[in-house]
Number of protein chains: 4
Amino acid sequence: MSGNTFGTLFTVTNFGESHGPAIGCVIDGCPPGMALTAADIQHDLDRRRPGTSRHVTQRQEPDQVEILSGVYEGVTTGTPIALLIRNTDQRSKDYGDIAQQFRPGHADYVYWQKYGVRDPRGGGRSSARLTAPTVAAGAVAKKWLKEKFGTQVRACMTQLGELPIAFESWAHVAHNPFFAPVANVQALEDYMDMLRKAHDSCGARIRVQASGVPVGLGQPIYDKLDADIAYAMMGLNAVKGVEIGAGFDSVAQRGTVHGDAMTPQGFASNHAGGVLGGISSGQDIEVSIAIKPTSSILSPRPSINIHGEPVEVVTKGRHDPCVGIRAAPIAEALLALVLMDHALRQRAQCGGVQVDLAAIAAALDTPI
Amino acid sequence: MSGNTFGTLFTVTNFGESHGPAIGCVIDGCPPGMALTAADIQHDLDRRRPGTSRHVTQRQEPDQVEILSGVYEGVTTGTPIALLIRNTDQRSKDYGDIAQQFRPGHADYVYWQKYGVRDPRGGGRSSARLTAPTVAAGAVAKKWLKEKFGTQVRACMTQLGELPIAFESWAHVAHNPFFAPVANVQALEDYMDMLRKAHDSCGARIRVQASGVPVGLGQPIYDKLDADIAYAMMGLNAVKGVEIGAGFDSVAQRGTVHGDAMTPQGFASNHAGGVLGGISSGQDIEVSIAIKPTSSILSPRPSINIHGEPVEVVTKGRHDPCVGIRAAPIAEALLALVLMDHALRQRAQCGGVQVDLAAIAAALDTPI
Amino acid sequence: MSGNTFGTLFTVTNFGESHGPAIGCVIDGCPPGMALTAADIQHDLDRRRPGTSRHVTQRQEPDQVEILSGVYEGVTTGTPIALLIRNTDQRSKDYGDIAQQFRPGHADYVYWQKYGVRDPRGGGRSSARLTAPTVAAGAVAKKWLKEKFGTQVRACMTQLGELPIAFESWAHVAHNPFFAPVANVQALEDYMDMLRKAHDSCGARIRVQASGVPVGLGQPIYDKLDADIAYAMMGLNAVKGVEIGAGFDSVAQRGTVHGDAMTPQGFASNHAGGVLGGISSGQDIEVSIAIKPTSSILSPRPSINIHGEPVEVVTKGRHDPCVGIRAAPIAEALLALVLMDHALRQRAQCGGVQVDLAAIAAALDTPI
Amino acid sequence: MSGNTFGTLFTVTNFGESHGPAIGCVIDGCPPGMALTAADIQHDLDRRRPGTSRHVTQRQEPDQVEILSGVYEGVTTGTPIALLIRNTDQRSKDYGDIAQQFRPGHADYVYWQKYGVRDPRGGGRSSARLTAPTVAAGAVAKKWLKEKFGTQVRACMTQLGELPIAFESWAHVAHNPFFAPVANVQALEDYMDMLRKAHDSCGARIRVQASGVPVGLGQPIYDKLDADIAYAMMGLNAVKGVEIGAGFDSVAQRGTVHGDAMTPQGFASNHAGGVLGGISSGQDIEVSIAIKPTSSILSPRPSINIHGEPVEVVTKGRHDPCVGIRAAPIAEALLALVLMDHALRQRAQCGGVQVDLAAIAAALDTPI
């Protein structure tokens, strides 16, 4: 009930504070018999970690993961997989003033009100640093989904502040610091340089996609697949909006346009974003998220202190001028975790159904 | 894990099919000692029920609720509150053909793939009729929140198809069939008449707001208040997008604009939508949702049958040309359920905190 | 968290009060595709229901079950199965005085302290009548287990008050009102007649057994199969003790005796009671439970009222002089619910393991 | 669903294997504002750890606990408390043969069947070593219960193999290696020496008690306090039986004897063991558990290997000849975890009840 565990059958229990001794998670429910090494996990952690370009925080954290349990001779045993990441670059003195003040747009005030006590160093528990364990767990889910169904989960940036980014190819995403699906990112580089000089920050829009998703994932009333995706994405720090398929554009669409026609060769369009009635249809899952501008900026901002007195807050520290830049691997991880969880649920409840659906599935070109 | 229970401490377990004997729910976790009668619940059911104007389905369902348990001499006892609504107007013959075909935009195909068997009458479990038990449970949560904190939850339509609806006043919402916050709804009436003649349907945008929300509701990492709101709203039938506060507009905002300044008199703006770091700030919770156009339309649509053969589907039955019209009371119920659940969680974990927060809370004009 | 839901994947949410309008439950997680009718459930309800012999309460309750959802054309659809049992024979006036007094050995006092309000009619929520929905749900689980694995769950009485009952055959159990595994129950009849004349009550010991249980059910650390069985059994009204296998006798056993040797022909003994390290071994699950004497007796008992003043309580009403007599079908249901839940868990987590265990399983003569 | 998390509101997620890099747990739901240091936890770990007398395993494990999160400047923050214990004395070579054989009375066979893969070193996940994280978490619960309610949880041995141990005083328990409540333990020493020479092992009976428990903990139908206690205790390695209050003796008791009379001065007896209708009555919680003899013995035992062939197993390693000897602190921890969880549940659901129960509580001499 304390909100630190993600999932129902494939669960991730997250722990740690930004400047405490360590962060990490315990993954429970991973099926036995899957090959797994720290390297499988480290890859995604490296994609998320800070300090990799001049456009993100310069905090140097290697984010080296250690597998403490659940893997024997390189194979998962079906028991909890505990992952540990030691914090190494904590400059807590940067946060001295913050303990007495509430930074606008941050969780300082609400933590104070909620708990009556808080760890102010680097945002403590509310730091985006705590997405690292989520990314680590997501790497395990990604691997299982890929081996089991051929599922591929990926994300890219589709807007940076006022700049829309026209999709060119997934192939470009790995070759620039913005996770942008374009060959030339000079405009993005210039935009970020401008922002930094202005001591300001900006938002971003991220597209997340899963292909090779089996039909039938999701539950009918409350734990719909899209509901759980929305939960996962809105829970990512700084996210203020989530869309599935046509999203907000569907408001002005007509029914004759929006409803995806079905043919013996498959669906004719994908306004639904791969989810019908809360259950995956076998089409690509398409998600879009809005990320707000970073609240930690060098420009002075009016606020109050813990005594309710007015103060002016300047957030020094080392921060990302656009937290959206590093969001792509985190969003991938979250989508993978949701899919994995629902895959296990489907296996639990419907694993024994013996109805022959092969013909129809083949006709629609969807994996079972 | 089967997705029919909403919430963690204040739980709602939903059952029933559109044309089965009955629908209903079991509410568990309602605190004892609250006055409660069927009339308290019936009011919101009546706001949601079909057949109340020419713009919604003409199915006649009184949706009369019976309290089966959990209330003794008009007071909640702390034990499960079971609510029963008998289905009375089932014209199952309308759905004869549907059992062999998949309606585009509907859950028919995915249910078939998931379960291998389905109740095709009126959409069975995937019918929007199953939102009635949610509304009933939401009425209980609303009452408790109002008595405990003075919380008020309300919703209105802000766009109908292509027509944006400029907000005039909450006072208008109860006086037109659209839940529109405007005095004159002639344009909306005309638009719906046009659509009906065209055998088409449209989407809608709904605004949901909660005021009088205590500070401190929500959990830090995964079960953030906004994450749980997104889960609740995206789980409402036909919803394709969810925004909190500035939502997708925040992508193009700068940090100097977006972050809500704090003053001894309170927050200076509410781009956050009442949630910071996943925890309520005491400001109004502001949510906006996108609802897709109804998939059940009289225009013929290409699809396939259970043998994978092409067919043309015409959905006869009696359907809402815009499911968004009846969505407002459901969205209110969902927001109330999320807030209630988090209020109990907060009481469980932090009920004993003795830190004196009165001064700061008074300064910021927020309830504790 | 309010304790009215049993299970994790196959869940039963119980509602109702002894003298309210109805009792019932919502079963969630039942796999689709199983034939199910009310008659399948009614059989076990009839075994449990009151008024069937002079040795149990004379309350006349037909306990007629209605399936409200989750079954379409006689087959489970994978959606929640709601079961409703109307209360028909409520003589609430029998309980008039009780509202102001606390009956010794009953839950009156603790409900008062816990909730501040309670439904005193017939014990309200604490009545053993609320085991009926558990029995109904258990019948569904039993049917699934039997069809899937050939599992058979049964229970019998092994002691009535001071009288031990030597096991003769399971075949006798259905032919006497005591669920006793003996041909001649005259001694039991006489014992009960004596007790009734003495205005007293007695306890009982029940043996519960499941055969045909697949190997591998149960979780390693906390949700061990035996732990969940103990939870289920101790939760049955009036149970004060639970044993698995050798139970308390194992305290004085030596390791050379207790540990069940394994041979290519199977286990050589079953002191473990079918559970090793919390996981089923394929042997029969053997459980024994102790049921305390009924607290509701006609003999006057000293107690206090809600003002803390001394009173003398005589429980009139219509009560079982030995609640253990009707416990056998309830205990069966509880064991079936635990096994079913773990069978689905096993399918979720390890459903994909492809290791060939056939040879060893065959050698040990255990189902997979 | 994978059974590695204990509790519902105060949760403990356990990880690790006996001979892996580390064991530990994540505690979630601990209220903020409680002083907590590693020393508070280390005390109970030291009481449980091996190597402290010649009657227990000679494995040398300091079981040094590190707090990784959730505590800031010596005070709990309300966020997850991760606890880490590195494994230091792993002699994995002792277990070489075991990887291909199934030790009688152990979990080897069932793990193999369940997961298809297992960590055989020291029993892997099924080792009693995994009770250390439970003990660590229990120490946190104990501290909170003591500070909040004055609750005291303690355990002692009441039987060692065939030797009953007459209760003298709780004061003796800390002064002998058996947790025996007697001044002179020579007979116990002799008995253990005899057993060790005989290459055999024995069982034990442990009494667990909590005093100062508030009235009202426990839920009415399934999550009864005694049900959750039974679950917790039966889940402790090697436990085969659990009793509450009069336990199995209640079978032969009459209702006139068993039901604890109430007087204005309090309850007149405690056959109920502090639980009525599944809810704490304010009396001492009294629990008794049966622990089977250690399965790992030096005497050769017939078994089979993974190919189903007959083998003779001699368990070398370093094992406890009576695992019951170190069970007392573990049983205490489990009882504390159950009570803490229910205390938070009670706060969530009934925290707001304003009924004045002070008078009656005072009359009955029970804490509120």
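I take two strands as paired if DSSP finds at least two bridges between them. The model I am reading is predicted.

**Entry 1. The sheet of chain A**

I looked first at strands E2 (residues 11-16) and E3 (residues 22-28) of chain A, which are joined by six bridges in the antiparallel sense. Within this pair I located A:Asn14, whose bridge partner in E3(A) is A:Cys25.

I then traced the sheet to which they belong. Its five strands form an open, antiparallel arrangement in the order E1-E2-E3-E7-E4 of chain A. At the edges I found strand E1 (5-6) and strand E4 (65-67) of chain A, each pairing on one side only.

Next I asked which helices pack on this sheet. Helix H1 (residues 38-48) of chain A does so, touching E4 and strand E7 (81-86), and its direction makes about 155 degrees with that of E4(A). Helix H3 (residues 131-149) of chain A also packs there; I noted its contacts with E2, E3, E4 and E7 of chain A and an angle of about 35 degrees to the direction of E3(A).

**Entry 2. Strand E10 of chain B**

I checked whether strand E10 (residues 204-211) of chain B is enclosed or open. Seven of its eight residues are buried, so E10(B) is largely enclosed by the rest of the structure.

I followed its pairing as well. Strand E8 (residues 152-160) of chain B runs antiparallel to E10(B), with eight bridges between them; here B:Ala155 has B:Val208 as its partner. Strand E16 (residues 285-291) of chain B is likewise antiparallel to E10(B), over seven bridges, and B:Ala204 is matched there with B:Ile291.

**Entry 3. The nonpolar core**

I searched the largest nonpolar core, which holds 448 residues, for the members that touch the most others, and found A:Leu335, B:Leu335, C:Leu335 and D:Leu335. Leaving aside residues up to four places away in sequence, A:Leu335 touches A:Val153, A:Val208, A:Ala210, A:Ile229, A:Ala232, A:Ile285 and A:Val287.

**Entry 4. Chains D and A**

I recorded 33 residues of chain D in contact with 33 residues of chain A. On the chain D side, strands E2 (11-16) and E3 (22-28) each supply at least two residues, and E3(D) gives the most, with four. I sorted that side of chain D into 14 nonpolar, 14 polar and five charged residues.

**Entry 5. Chains D and C**

I superposed chain D on chain C by a rotation of 180 degrees with 0.0 Å of shift along the axis, at an RMSD of 0.0 Å. The two copies are thus related as by a two-fold rotation axis. Of the residues of chain D, D:Tyr231 comes closest to that axis, at 2.2 Å (C-alpha). I also found that 100% of the interface residues of chain D are interface residues in chain C, so the copies meet through the same surface.

Notes
Residues are numbered from 1 along each chain as its sequence is written. Chains are lettered from A and ligands numbered from 1 in the order in which they are written. This is a predicted model: local features need pLDDT of at least 70, side-chain atom pairs count only at pLDDT 80 or more; totals for chains, interfaces and linings use all residues. A nonpolar core is a set of buried Ala, Val, Leu, Ile, Met, Phe, Trp, Tyr and Cys residues joined through C-beta atoms within 7 Å. A residue is buried if 20 or more other C-beta atoms lie within 10 Å of its own, exposed if 12 or fewer, and partly exposed in between; C-beta atoms are placed from the backbone. Two residues are in contact if their C-beta atoms, placed from the backbone, lie within 7 Å. Ala, Val, Leu, Ile, Met, Phe, Trp, Tyr, Cys and Pro count as nonpolar, Asp, Glu, Lys and Arg as charged, and the others, Gly among them, as polar. Copies are superposed by least squares on the C-alpha atoms of residues with pLDDT of at least 70 in both. Axes are lines fitted to C-alpha atoms, for helices over the stretch in contact, and angles run from 0 to 180 degrees between N-to-C directions.
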